[in-house]
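Biologist: Before we talk about names such as strand, pair and contact, could you put the structure in front of us?

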Amino acid sequence: MEKREVIIVGAGPAGLSAAVEAATAGCGVLLIDENSKPGGQLFKQIHKFFGSQEHKAGIRGIDIGKRLLEEAENLHIEVWLDSEVCGIFDANKVWVVRNKKETVLLQGDRIIIATGASENAVHFPGWHLPGVMGAGAAQTMINIHRVLPGEKVLMVGSGNVGVIVSYQLLQAGAEVVGVIEAAPRLGGYGVHTAKVRRAGVPFFVSHVVAAAEGKDRVEKVRIVQVDPRWNPVPGTEKTLKADTICLATGLTPLTELAFLAGCESTYSPVLGGHVPWHNSAMRTSVRHIFIAGDISGVEEASTAMEEGRMAGLQAAASLGHVDEADAMIRGKAIQARLDALRSGLFGEKRKNAKESIFSAMGNSNNGAR
Amino acid sequence: MRRIEHHPILGDLAETSEERIPITVDGKTLYARKGEMIAAALMANGISVFRKTEKKKSPRGIFCGIGRCTDCVMIVNGIPNVRTCVTPVEENMIIRTQEGSGEWGDTGGKT
Amino acid sequence: MKGVKIDGTPSAEELHASPGFPQESIRKGPLAFIECVEEIPCNPCATACPRGAITLEGGLTALPRLDAELCTGCGLCISVCPGLAIYVKAREHEPGFSSILFPYEYYPLPQKGDPVECVNRFGKSICSGTVLSVRTAEKLDRTALIKVSFPQAYFDEVISIKRLPNQ
């Protein structure tokens, strides 16, 4: 059986950052991804990121992705693409189907799972019609493949994903006929909603899709207002002409591998549902396994990268590649950057949710354990 | 549904242009950009129905775009249930709309 | 006018209550306006200002505060704002006309001298304007800066231009 010191599953922002950090510390790293290109969802983030200079604020996600890839290349990190990890068992054995044909069993001294999250669906009559798709799917189409999925788009959900993708659909040349939100208030950052609004896109709070209609694809969509108990208000139905409906209704952490491996779970609605228990060092209940990014709770690419750095650093430290004092100092610096990203109106809930998970593991304060 | 030729952030497509390759979709020759996913190539060519369901023949297209939901599966080079959103196009690939769970066809030796 | 969490765009009350939005100004020349009314972790505007006119008191999530006395309206903060929430307005660019320098990330770009429709925060066309300049320096990282003149009567409302037809 082939062995590696650190095996990382998922080459998105968290996995790449973990790989860079662990390799810099001197670990032998193998990074595995099921896609044919690394970068995960980072390469469709064409907007400038928030944060401060140390979080690379003001730089577009695509360019942050390019820098990360360059770092990984300079470190000569071994990367397996088109390779699916189908299971993790006996704590440190990783079963990979490589290049869609050969099956390989690997042993890792440490495993970092950074599988990300998948989009939630909402159901309504006609939701199966071609033209109804995840907002992330539409974002991949426009920003990676340069294909406009439709001309007139209704966005369902006003969180940051919904409003950012709405803006990017406008940039790609589509018309966004509206953004609807089931809650009575919009979810995303005001600066995002404001730039979509000034482009003439209407927002409908307390509205849901009543039905999508069309023969071979969406041709129109009926929306309806809901009361505080989520019941449709009679007489409030509106019909909008749309050929595409994008669903931006939240994300769920992709936890299957962690749970297969025996990681204990905890439930956090704020972070997207069931997530593997972890401490602030991103270590799970299975000693050899660390997690980072959306699998540990749905947040943003900027937090995913910091968590990846934390997991990479702590995995390396636990293997003796970083001395304890050094790991402590660097861990604290990463934690401070994470805390900064989790502050304010929007971040605080996530910070509290994270901290309640950490304390459930019984060692809440230092990342260097 | 169309190609995005110009983009304020990503630039003109001509600048980033990759090789144009022929594919066959339900017997018709269409063109795709090398390296892109089958689903993207079909959408760029105005195709939104990728398969029809077994009983009601209800149309389905791309939904999740990351290879998880399997709504976009088609018969590719004779192999049914290929996830078109995560399978890159290849030159002269033969792609067919799938009905129900699909049928195996001439795979040209590939399985 | 119900505010940013209902309409998607901040109300006059929300703007006037925020420290980045200059209060009633009689200045004729250019001045930055920051329409940032929610505490999010972000500070490139403060980092970019060469004169220290923008500060965040109390950490990364504090609302940016603009010191109108120090602001020269240079516009260096505009393109670095990830929220595209900053523009520079001059009340009297020339007699009877104001100007706005704002970020623009759509294709195609307008050209100098073009007539354009100016829009308010709801995207509604409210008056016509003329493009004075279009900046696309590499440092702006693909956020173009467009300067438009428009009738002074619309000073408070104009925030951008109507997008030009794509392709």
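**How the names are earned**

Modeller: Let us begin in chain C, where C:Ala90 has C:Ser99 in S5(C) as its bridge partner. The model is predicted, and local features are given at a pLDDT of at least 70, side-chain atom pairs at 80 or more, while totals for chains, interfaces and linings use all residues. Residues are numbered from 1 along each chain as its sequence is written, and chains are lettered from A and ligands numbered from 1 in the order in which they are written.

Biologist: What makes S4(C) and S5(C) a pair?

Modeller: Strands are DSSP runs of E with at least two residues, and helices are runs of H or I with at least four, numbered from the N terminus. Two strands pair if DSSP finds at least two bridges between them; S4 (residues 86-94) of chain C and S5 (residues 97-104) of chain C have 4 bridges in the antiparallel sense, so they pair. These two strands form a hairpin with 2 residues between them, and C:Gly96 in the turn has a positive phi of about 85°.

Biologist: How do you know that S1(C) pairs with S4(C)?

Modeller: Strand S1 (residues 30-34) of chain C is joined to S4(C) by 5 bridges, so the definition is met, and the two run antiparallel. C:Ile34 stands opposite C:Ile86 in S4(C).

Biologist: Why are S8 and S12 of chain A called edge strands?

Modeller: The open sheet of 5 strands in chain A has the order S8-S16-S10-S11-S12, with parallel pairing. Strand S8 (132-134) and strand S12 (203-205) each have a single partner strand, so one side of each is left without a neighbour in the sheet. From one strand to the next, the twist averages 20°.

Biologist: What makes S8(A) and S16(A) a parallel pair?

Modeller: S8(A) and strand S16 (residues 244-247) of chain A pair in the parallel sense over 3 bridges, so the requirement of at least two is satisfied. A:Met133 stands opposite A:Cys246 in S16(A).

Biologist: What makes residues of chain A and chain C count as being in contact?

Modeller: Two residues are in contact if their C-beta atoms, placed from the backbone, lie within 7 Å, and 37 residues of chain A are in contact with 38 residues of chain C. H5(A) gives the most to the side of chain A that touches chain C, with 8 residues.

Technical notes:
Axes are lines fitted to C-alpha atoms, for helices over the stretch in contact, and angles run from 0 to 180 degrees between N-to-C directions.
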